[in-house]
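Reader: I am in my first year of study and would be grateful for a close look at a single part of this model. May I show it and then put my question?

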Amino acid sequence: MSGSFSRVYKAATDMHKKSAHFTSPSSMRALPEFKKLVEIGRESSEAISSMFTLIHYLPLEAMLALTDILGACPIKKKNRGNVDEMKHDWIRYGKKKGYIS
């Protein structure tokens, strides 16, 4: 596991522990753990690539953080609420933008 992914994964699992009972993205965004995850993600392109890897382990945390870090939300309207399809939309976006090889 790369150092960047380890940091991203730890921040995301800390966030997950605190937000497991939350239902709204705004509640999740208010957490210090979410802010830390976004801060790490903004440090480098390697950290952003790690966020795309994180999608496979903690998809909601990764997608929410990526939305704030990149200022984009490539999720198609028809896929909202379907986590697997939302993940696919983000992965397609990551490949298109060069974050995923």
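Leaving aside its neighbours within four places in sequence, with which residues is leucine 54 in contact?

Author: The model is a predicted one. Once the neighbours within four places in sequence are set aside, leucine 54 is in contact with Phe5, Val8, Tyr9, Ala12, Pro59 and Ala62.

These contacts may be placed in a wider setting. Leu54 is among the residues with the most contacts inside the largest nonpolar core, together with Leu37, Met51, Ile55 and Trp90. That core has 29 residues. At least two of its residues come from each of H1, helix H3 (32-41), helix H4 (45-54), H5 and H6. The largest share, 6 residues, is supplied by H5. In soluble globular proteins, nonpolar side chains tend to be buried together.

Helix H3 deserves attention next. Its buried residues are Glu33, Phe34, Leu37, Val38, Ile40 and Gly41. They lie on the same side of H3 because they cover an arc of only 160 degrees around the axis. Pro32 and Lys35, on the other side of H3, are exposed. As for partners, the buried residues of H3 pack against H1, H2, H4 and H5.

One residue of helix H1 may be considered beside H3. Lysine 18 is found in helix H1. Its relative accessible area is 45%, so lysine 18 counts as partly exposed: the cut-offs are under 20% for buried and over 50% for exposed. Apart from its neighbours within four places in sequence, lysine 18 is in contact with Leu31 and Glu33. Between lysine 18 and phenylalanine 34 there are 9.5 Å in space, C-alpha to C-alpha, and the two are 16 residues apart in sequence.

The largest pocket completes the picture. About 320 Å³ of space lies in this pocket. Its lining is formed by 18 residues, and the closest to its centre are Pro25, Met28, Leu60, Glu61 and Leu64. The elements giving two or more residues to this lining are helix H1 (3-19), helix H2 (25-29), helix H5 (59-70) and helix H6 (83-97). H5 provides the largest share of the lining, with 5 residues. By type, the lining residues divide into 11 nonpolar, 5 polar and 2 charged. Helix H5 thus returns in both settings: the largest share of the nonpolar core comes from H5, and so does the largest share of the pocket lining.

Notes
Residues are numbered from 1 along each chain as its sequence is written. This is a predicted model: local features need pLDDT of at least 70, side-chain atom pairs count only at pLDDT 80 or more; totals for chains, interfaces and linings use all residues. Side-chain values use heavy atoms; hydrogens and water are left out. On a 1 Å grid over the protein atoms alone, a cavity is a set of points where a 1.4 Å probe fits but cannot get out, and a pocket is an open set with protein on both sides within 12 Å along at least five of seven lines; lining residues have an atom within 4 Å of a point. Grid points are joined across faces, edges and corners, and a volume is the space filled by probe spheres set on the points. Helices (H or I, at least four residues) and strands (E, at least two) are DSSP runs, numbered from the N terminus. Ala, Val, Leu, Ile, Met, Phe, Trp, Tyr, Cys and Pro count as nonpolar, Asp, Glu, Lys and Arg as charged, and the others, Gly among them, as polar. A nonpolar core is a set of buried Ala, Val, Leu, Ile, Met, Phe, Trp, Tyr and Cys residues joined through side-chain atoms within 4.5 Å. Buried means under 20% relative accessible area, exposed over 50%, partly exposed in between (1.4 Å probe, protein chains only). Contact means heavy atoms within 4.5 Å. The arc is that of the directions from the helix axis to the C-beta atoms.
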